[in-house]
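Thank you all for coming; I would like to spend a few minutes on how helices pack in this model, and then on the empty spaces. Please have a look at the structure first, and I will begin with a word on how the axes are drawn.

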Amino acid sequence: MSVALSPLRAGRLELPNRIAVPAMVTRLAGSDGCVNHDIVERYRRFAEGGAGLIVVEASSVHGGKSGPLLRVSDDAFIPGLGDLTAACHEAGPGKVFLQIIHFLKISRSGWRQKVSDLSATELEELPALFADAAARAVRAGFDGVELHMAHAYTLSSMLSRMNRRRDHYGRTLENRLRLPSMVLQEVRKRVGEFPVAVRFDADESIRRGYSVGDATAFAVRFAELGADYVSLSAGGKFEDAVHRTGEPLYPYTGYSGDRCMPGDSYPDAANIWMAESVRGALRSAGHHTPVLGTGKIGTIELADSVIARGACDIVGMARALLADPYLPAKCRAGRHDEVVRCIYCNVCKSLDESFKTVVCYLWPKDSLQAPRPHEASRASIRWTVDSLPLSGRVLPGEIRLKWALPSGDVRGYDVLRSVDGGAFSRLTSCTRTRHLDGTALRDQALRYRVVPYDAAGRRGEPSNVIEIGLAEAPL
């Protein structure tokens with residue numbers, strides 16, 4: 001039995017499993033901030049797919065312009081949010097949290113408002129705004145709220161070591177914690193036993209920013225104040241954002257943005273060491289508050305391993321569940337080979353960066369939502385060529401693979417590789433009929449095969465196996 005698919009109970013929090021959908025921008029909302037049909041369908045699929053925790057994208061607690069972002073700043077937004085929670089609860093057993101956020105102003109000139117620009121009086125208005133928003137989440141039928149204190153936004157900027165305010169809200173660790181603590185306390189006071197969680201950066205990933213030393217102090221404080229779980233992210237800061245002429249700053253364009261959403265060049269579970277450090281500090285302080293860890297965790301097997309070693313209690317699989325919302329249900333049913341596996345190409349990130357609707361590169365062309373799985377156990381995809389479909393050639397320092405186009409509803413291909421007689425493992429997934437293996441080394445005995453899959457992730461007939469190596473290539 002997968003530990004990631006087992007229930008978790010900690011205090012007020014009861015989850016049917018430990019797989020979470022962290023809050024992800026969809027850009028499906030209009031400028032009115034209201035829930036619409038497309039947003040409901042996006043989250044309905046996560047619920048159908050069996051995630052134990054679904055955190056709905058950041059929703060603004062204040063009434064200013066927010067672009068394509070949900071809002072929870074007025075009672076008028078409650079009915080739409082209620083439709084969303086009802087759809088999710090009808091579709092699956094997962095708990096549905098609303099992430100709530102306060103952000104500062106930015107302009108297309110590159111200017112941005114900073115926490116040092118706000119008066120103490122303006123800061124002290126924030127706890128009530130968050131508490132009002134949390135109370136609306138209760139009325140809308142959510143199972144909890146998550147306070148957004150990560151990345152580039154107001155509460156994260158208060159926690160940051162770049163917060164150089166010279167009053168009792170800045171510079172020192174205690175002062176930087178003051179306003180976020182006030183927000184959590186006021187929300188808890190307003191909603192009582194209703195679950196409240198906090199998401200914050202475990203590492204700012206910027207020059208002179210904080211790392212896990214400060215993050216452990218944040219986690220212990222939030223646990224003392226009654227957080228039902230702490231969710232850890234990294235980076236996503238304005239300080240190293242790249243300004244593009246005519247566009248507002250986007251806080252995921254610099255190195256800190258890469259650390260927030262590590263792409264294919266980063267190792268799997270790239271940020272999980274941060275969660276492990278924070279969790280260890282919480283346990284040493286006597287707190288059993290669950291820790292949600294994230295950062296390029298794409299399979300149930302990897303989720304199981306990080307939970308088993310005590311790195312975290314809940315695993316956030318944002319891009320992996322965007323690629324295939326049905327990953328938990330497929331794995332629970334033993335249909336692992338039907339999962340559409342994220343390749344961490346970060347096309348979704350690039351779409352958000354370009355202020356376009358966020359979809360997955362692996363979905364069928366022009367799809368606004370992930371396809372639902374079919375009941376059949378195998379896709380009707382066959383290689384129709386008379387000769388062997390997969391071939392390869394060696395060039396100096398590289399191996400180039402290419403294969404024929406099979407018949408059937410082909411969406412993509414898993415490229416599998418065996419090194420020195422070992423088991424085949426996935427090298428990548430792609431949508432083209434060719435691949436350059438840039439990670440092969442001389443004198444390795446390499447074998448390759450390709451397995452096609454359809455839009456629902458069902459695998460077709462595997463290709464032939466080829467044996468090839470770089471030893472014959474000139475130095």
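When I speak of an axis, I mean a line fitted to C-alpha atoms, taken for helices over the stretch in contact, with angles running from 0 to 180 degrees between N-to-C directions. Please keep in mind throughout that this is a predicted model.

With that in hand, take helix 4, residues 126-139, and helix 6, residues 173-191, whose axes come within 8 Å and cross at roughly 35°. The crossing of these two helices is right-handed. On the side of helix 4, the residues that take part are Leu126, Pro127, Ala128, Phe130, Ala131, Asp132, Ala134, Ala135 and Val138, and they meet Leu179, Met182, Val183, Glu186, Val187, Arg190 and Val191 in helix 6. Sorted by class, this contact of helix 4 with helix 6 holds 13 nonpolar residues and 3 charged ones, with no polar residue.

Let me turn to helix 1, residues 37-48, and helix 2, residues 78-91, which pack at an angle of about 25° with their axes 8 Å apart. Angles under 35 degrees count as roughly parallel, and helix 1 and helix 2 are therefore roughly parallel to each other. Their crossing, too, is described as right-handed. Helix 1 brings Ile39, Val40, Tyr43, Arg44, Ala47 and Glu48 to the contact, and helix 2 brings Leu84, Ala87, Cys88 and Ala91. In terms of class, the contact of helix 1 with helix 2 is made of 8 nonpolar and 2 charged residues, and no polar residue is found there.

The third pair is helix 7, residues 212-224, and helix 9, residues 272-284, which pack at an angle of about 50° with their axes 9 Å apart. Helix 7 and helix 9 are therefore oblique to each other, and helix 7 passes helix 9 in a right-handed crossing. Here Val212, Ala215, Thr216, Ala219, Val220 and Ala223 in helix 7 meet Trp273, Met274, Ser277, Val278, Ala281 and Leu282 in helix 9. This contact of helix 7 with helix 9 divides into 10 nonpolar and 2 polar residues, with no charged ones.

Now to the empty spaces. Rolling a probe the size of a water molecule over the atoms shows where empty space is left. How many cavities of 30 Å³ or more does the count give? The count comes to 4.

The largest cavity has a volume of about 90 Å³. Its lining is formed by 13 residues, of which Cys342, Cys345, Asn346, Cys348 and Cys360 lie nearest the centre. Helix 11, residues 318-323, and helix 13, residues 347-353, are the elements that give two or more residues to this lining. By class, the lining of the largest cavity has 11 nonpolar residues, 1 polar and 1 charged.

The second largest cavity holds about 40 Å³ of space, and the residues that line it are Val21, Met24, Val25, Thr26, Arg42, Tyr43, Phe46 and Leu322. Which element gives the most to the lining of this second largest cavity? That is helix 1, with 3 residues. Tyr43 thus appears twice in this talk, as a lining residue of the second largest cavity and as a residue of helix 1 that takes part in the contact with helix 2. By class, this lining divides into 6 nonpolar residues, 1 polar and 1 charged.

Finally, the second largest pocket has a volume of about 950 Å³. It is lined by 32 residues, and those nearest its centre are Asp264, Leu427, Thr428, Ser429 and His435. Strand 12 (390-395), strand 13 (398-403), strand 15 (425-430) and strand 16 (434-437) are the elements giving two or more residues to its lining, and the largest share, 5 residues, comes from strand 15. By class, the lining of this second largest pocket has 11 nonpolar, 10 polar and 11 charged residues.

Key:
Residues are numbered from 1 along each chain as its sequence is written. This is a predicted model: local features need pLDDT of at least 70, side-chain atom pairs count only at pLDDT 80 or more; totals for chains, interfaces and linings use all residues. Side-chain values use heavy atoms; hydrogens and water are left out. Helices (H or I, at least four residues) and strands (E, at least two) are DSSP runs, numbered from the N terminus. Angles under 35 degrees count as roughly parallel, over 145 as roughly antiparallel, 65 to 115 as roughly perpendicular and the rest as oblique. A crossing is left-handed if the near helix is turned anticlockwise from the far one by less than a right angle, and right-handed if clockwise. Contact means heavy atoms within 4.5 Å. Ala, Val, Leu, Ile, Met, Phe, Trp, Tyr, Cys and Pro count as nonpolar, Asp, Glu, Lys and Arg as charged, and the others, Gly among them, as polar. On a 1 Å grid over the protein atoms alone, a cavity is a set of points where a 1.4 Å probe fits but cannot get out, and a pocket is an open set with protein on both sides within 12 Å along at least five of seven lines; lining residues have an atom within 4 Å of a point. Grid points are joined across faces, edges and corners, and a volume is the space filled by probe spheres set on the points.
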